[in-house]
Amino acid sequence: MTQTLELAQRVAVVTGASSGIGQDVARRLAVQGMHLVLGARRCDRLEALSAELSDQHGVRCLAHPLDVTDSASVASFGEAADAFAGESGVHLLVNNAGAAFGVARLPTATLEDEADWQAMLDVNVMGLLRVTRRFVSGMVARGSGHVIHMGSLAGLETYEGGSVYCATKAAVRVISKALRLELLGSGVRVCCVNPGLVETEFSQVRLGSEEAATKVYEGMTPLTGNEVAETVEWVARLPEFVNIEEVTLQPVDQASAQKVHRT
Ligand SMILES: NC(=O)c1ccc[n+]([C@@H]2O[C@H](COP(=O)([O-])OP(=O)(O)OC[C@H]3O[C@@H](n4cnc5c(N)ncnc54)[C@H](OP(=O)(O)O)[C@@H]3O)[C@@H](O)[C@H]2O)c1
């Protein structure tokens, strides 16, 4: 049986930890005994999670504001995370913060939709690049570390109304692959996790109402953040000579981005 990597006492950074998948990833890593640096814009939520995880699992947690679209915010988050981690440094980065805005189709899109496109590019692509750049150099210097990017099934397939979101998630996948090549020989691992439908606040953010979001999951059983978190934990716990490059997971009720079985 393969030996698993002991994660206890190591430090993980989780972006987008104020909700959904990021919150569940933080919970699972705390069960493993990891100390956590939690980032997102809604710091009140991060503080509540941090208190919960310290109380329940005896791990150290730092809740720090992070807006991945703002270079200064990423810089100050990075400094706080490095100070928190001390000499051992950040072992694991779960670069999860991300969002979709709207379902505009190119032929009928309006000028106003440009703001949504820009916002998705800023958060999902530029934000992810900024955060990865900030932490990966320290990992290389230490000769070990792990970067797990939150991609999406939307990075592998396209659908009407999803051109820009799909493009951003295809970018996450491609960035992960290029990073893996760039890090070969450094001892640093890279993975891209691609979930299908997961019931979180994602669809509410995208569609702007709870009612519209509920319809996305109607008559089918979506994944929850917990199964994605379990996947992240599995990838992170494999021995350090193993690199899982990519994992795609979907609900049984979903066979492709648009092919969903509903009762
Ligand atoms: N749900 C799905 O079906 C699904 C499927 C595949 C992939 N994904 C991906 O999974 C990741 C997490 O999404 P989720 O489903 O958990 O959605 P969610 O519940 O809406 O969570 C999104 C997280 O991203 C954070 N975030 C958004 N903009 C940010 C910014 N500018 N700076 C820092 N943090 C920011 C949010 O925190 P604040 O708002 O507090 O900043 C929140 O914590 C995303 O990358 C998403 O694309 C989701």
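**View 1. Meet the surroundings of the ligand in this predicted model.** Of the 30 residues around the ligand, those that come nearest are Gly16, Gly20, Arg41, Arg42 and Gly98. By type, the shell divides into 13 nonpolar, 13 polar and four charged residues.

**View 2. Here are helices that help to form the shell around the ligand.** Helix H1 (20-31), H4 and helix H6 (202-207) each supply at least two residues of this shell. With three residues, H1 gives the most to the shell.

**View 3. Now we turn to the largest nonpolar core, which has 64 residues.** Ala26, Leu36 and Leu38 are the residues with the most contacts inside this core. Helix H4 (residues 113-142) gives the most to the core, contributing seven residues. In soluble globular proteins, nonpolar side chains tend to be buried together.

**View 4. A closer look at Ala26 shows its contacts with residues beyond its neighbours within four places in sequence.** Ala26 is in contact with Val14 and Ala17, with Leu36 and Leu38, and with Leu49 and Leu53.

**View 5. Helix H5 (residues 163-183) can be followed from end to end.** How far apart are the end C-alpha atoms of H5? They are 30 Å apart, which agrees with the 30 Å that its 21 residues should span at 1.5 Å a residue. Just after H5, look for Gly185, which takes a positive phi of about 95°.

**View 6. Finally, here are the buried residues of H5 and what covers them.** The buried residues are Val164, Tyr165, Cys166, Thr168, Lys169, Val172 and Ser176. Their cover includes H4, strand E5 (145-150) and strand E6 (188-195).

Terms used. Residues numbered from 1 in each chain as written. Predicted model: local features only at pLDDT ≥ 70, side-chain atom pairs only at ≥ 80, totals over all residues. Core = buried A, V, L, I, M, F, W, Y, C linked by C-beta atoms within 7 Å. Buried ≥ 20, exposed ≤ 12 C-beta atoms within 10 Å, placed from the backbone. Helix = DSSP H or I, 4+ residues; strand = E, 2+ residues; numbered from the N terminus. Contact = placed C-beta atoms within 7 Å. Near = placed C-beta within 6 Å. Nonpolar A, V, L, I, M, F, W, Y, C, P; charged D, E, K, R; others polar. Expected span 1.5 Å × (residues − 1).
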